[in-house]
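Trainee: Could we go through this structure together? I'd like to learn how each label is earned.
Mentor: Gladly, let's put it up and start with the whole chain.

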Amino acid sequence: MTDDDEALSRRAIESAVMRALVPRDDARRRFLRAVGASTAYAAVASVFPFGALEAMAQEKKPPEKKDLKIGFISITCASPLIMADPLGFYREQGLNVQLMKTAGWALIRDKMINKEHDASHFLSPMPLAMSMGLGSTQSPMRVATIQNVNGQAITLSVKHKDKRDPKTWKGFKFAVPFEYSMHNFLLRYYVAEHGLDPDTDIQIRVTPPPEMVANLRAGNIDGFLGPDPFNQRAVYDEVGFIHILSKEIWNGHPCCAFGVPEAMIKEAPNTFAALYRAVLTAARMAREPKNRALMAKVIAPANYLNQPETVIEQVLTGRFADGLGNVQNVPDRADFDPFPWQSMAVWILTQMKRWGYVKGDVNYKGIAEQVFLVTEAKKRMAELDMKSPASAYARFKVMGKEFDPMQPEKYLAGFAIKKVS
């Protein structure tokens, strides 16, 4: 590539980002006249990894398939996948991506199985379940990145402000977004640790995330363990309060993932690599707290989250009203570590077995390593100078109890409340 070509490439990337940040032509021209083009682009360059984008642009191979449909649910968990569109990261990789806003997780699953979507925003347990044929036709899926960690909460109706002790929740109706979700498994874990059987002492209903606040307002449910921005939206609408952030149950837990069918990796490896680079680039930007307010602005519009920017900003910055009269400051309320820890996959599998979603022997390590693509993640992260851990099997604690991914059956045996004998 000549110097002239490099300059043109840089200007094209800068212009795409500037158009995304200030989409109206007249407003963009006024902004550039007011501060000067060089100052404006220097400010943009301070936020975006142009050098890395240019390097990848020079090294990439043409994708076998350029026109792609990617499914997503309109929640903050999908921030990297969503923001890669308006910020031009897909286009820079030679991809023409159409983000497909989808109503619920069962539909996300079905559209992937039926090949209506090429890749998708998933709940991190979903590719495991789909690959095992749980709840649907067996369909091998692979997790390229975790989209977000933390970023969920248990939200209760305002009428329950005097019922903060979970032991008082017998008979409560809770919503979760899907059976194969961290929300379901974390809620079950949380109430069980407080002595309640989630299958007999409470009701758990699957409810699409965009419908959770309306159901809370109508009194159809007493609370939900759901994704943001809907926890914060319940506070904003004065119908709910945040009982506990999910990070207080397990700090650093995975929630959503970005995944593709196994077939894409084999049949269109260049397309897969291009997608991976685009989403990782967005994840790297999302990890920086200084970028969170900008992210809120980018993903708030109707074609993405369709939520008030202030609600999204409270979630992403971690400075938020909790509905109990307090303003909390929790900078890591939501984070965006993209590494697909296989130990997290093993934990998810233990909870699937604990609550009867899978029967008999489980090849924990084999399934985790098949579905969560650690080798590919390390390779792509290295291209972006993103650090990846030496081992994919870190230990962690859930409500104070340490999980050793090398001894999943011993961990499972230690629970007093469970379906498995």
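**From the whole chain to its cysteines, sheet and core**

Mentor: Of the 421 residues of the chain, 57% count as buried. Keep in mind that this is a predicted model.

Trainee: How many helices and strands does the chain have?

Mentor: There are 19 helices and 16 strands. Contacts reach along the sequence too: among those with a separation of 6 or more, 76% join residues 24 or more positions apart. As for the surface, the chain exposes about 16,800 Å², with 48% of it supplied by carbon and sulfur atoms.

Trainee: Now the cysteines. How do you know that C77 is in no disulfide?

Mentor: A search of the whole structure finds zero disulfides. For C77, the nearest cysteine sulfur is that of C256, 4.0 Å away. A disulfide needs the two sulfur atoms within 2.5 Å, so the sulfurs of C256 and C77, at 4.0 Å, are too far apart for a bond.

Trainee: And what makes C77 count as buried or exposed?

Mentor: The cut-off for buried is under 20% relative accessible area. C77 has 1% relative accessibility, so C77 counts as buried. C256 has a relative accessible area of 0%, and therefore C256 is buried.

Trainee: C256 makes me think of strand 11, residues 256-261. Which sheet is strand 11 in?

Mentor: Strand 11 belongs to an open sheet of five strands, ordered 2-1-3-11-4, with mixed pairing.

Trainee: Why do strand 2 and strand 4 stand at the edges?

Mentor: Strand 2 (96-101) and strand 4 (141-146) each have a single partner strand, so one side of each lacks a neighbour in the sheet. On average, neighbouring strands here are turned by 30° against each other, direction ignored.

Trainee: What makes strand 4 and strand 11 a pair?

Mentor: Pairing takes at least two bridges, and strand 4 and strand 11 have five, in the antiparallel sense. In that pairing, V143 stands opposite G259 of strand 11.

Trainee: Which residues have the most contacts inside the largest nonpolar core?

Mentor: Y90, I154, W347 and M352, in a core of 125 residues. Helix 13 (residues 269-287) gives the most to this core, with ten residues. Setting aside neighbours within four places in sequence, W347 is in contact with several residues, including M182, F185, W250 and F403.

Trainee: What lies apart from the largest core?

Mentor: Another core, of six residues, among them A153, I242, F320 and V330. As a general tendency, nonpolar side chains of soluble globular proteins are buried together.

Key:
Residues numbered from 1 in each chain as written. Predicted model: local features only at pLDDT ≥ 70, side-chain atom pairs only at ≥ 80, totals over all residues. Heavy atoms only, no water. Helix = DSSP H or I, 4+ residues; strand = E, 2+ residues; numbered from the N terminus. Axes fitted to C-alpha atoms, helices over the stretch in contact; angles between N-to-C directions. Buried < 20%, exposed > 50% of the residue type's maximum accessible area, 1.4 Å probe, protein only. Contact = heavy atoms within 4.5 Å. Areas by Shrake-Rupley, 256 points an atom, 1.4 Å probe, with all protein chains shown as cover. Core = buried A, V, L, I, M, F, W, Y, C linked by side-chain atoms within 4.5 Å.
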